[in-house]
Amino acid sequence: MVAHLTMILLIYFLAAVAVHAMHQRHLSRPEPEGYEQIVLIPSNQEQQIEGVVRALCRELFYRGKSFTLTVVADRMESETVRIIEKLMRKQGMEPSYLSTVPPDMERSTQDGYRAFRLIDLREAEH
């Protein structure tokens, strides 16, 4: 019986160590290559946007990357923007907003070089 209790305590201890290590990795300052800037262009997708943002956060967490999210939306009061803001606040982050895509950002996507990841959900509508 003592062996079983010792084994249970050992398992709990190892689980606590694993959770602590993952939490420290998440909070630690990333290397420059461990950081990503995401530019998201949503378009009235209240039903799908939560899944998109959750999948993005999960992917970057598993890859060990920190990120900033910039939302390009012409209407800041839209339900899609509110959902994104709520999800990012749950992650402890504050998204930034732009009303239009800056011209230098459009040029960098045409040249093939980007210092950010562009997720354009407007194209998914067509």
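What is the volume of the second largest pocket? The points below take this up after the sheet and its helices.

1. Basis. This is a predicted model: local features need pLDDT of at least 70, side-chain atom pairs count only at pLDDT 80 or more, and totals for chains, interfaces and linings use all residues. Residues are numbered from 1 along each chain as its sequence is written, and side-chain values use heavy atoms, without hydrogens and water.

2. Sheet. Four strands (DSSP runs of E, at least two residues, numbered from the N terminus) form an open sheet. The order is 3-2-1-4, and the pairing is parallel. Pairing takes at least two DSSP bridges between two strands. Strand 3 (96-98) and strand 4 (117-120) each have a single partner strand, so they stand at the edges with one side lacking a neighbour in the sheet.

3. Strands 2 and 3. Strand 2 (residues 66-72) runs parallel to strand 3, joined by 3 bridges. Thr 70 has Ser 96 in strand 3 as its bridge partner.

4. Helices. Helix 2 (residues 46-62; helices are DSSP runs of H or I, at least four residues) lies across strand 1 (35-41), strand 2 and strand 4. Helix 2 runs at about 170° to strand 1. Angles run from 0 to 180 degrees between N-to-C directions, with axes fitted to C-alpha atoms, for helices over the stretch in contact (heavy atoms within 4.5 Å).

5. Pocket. The second largest pocket has a volume of about 240 Å³. A pocket is an open set of points on a 1 Å grid over the protein atoms alone, where a 1.4 Å probe fits, with protein on both sides within 12 Å along at least five of seven lines. The volume is the space filled by probe spheres set on the points, which are joined across faces, edges and corners. Of its 16 lining residues (an atom within 4 Å of a point), Pro 42, Ser 43, Val 72, Ala 73 and Asp 74 are closest to the centre.
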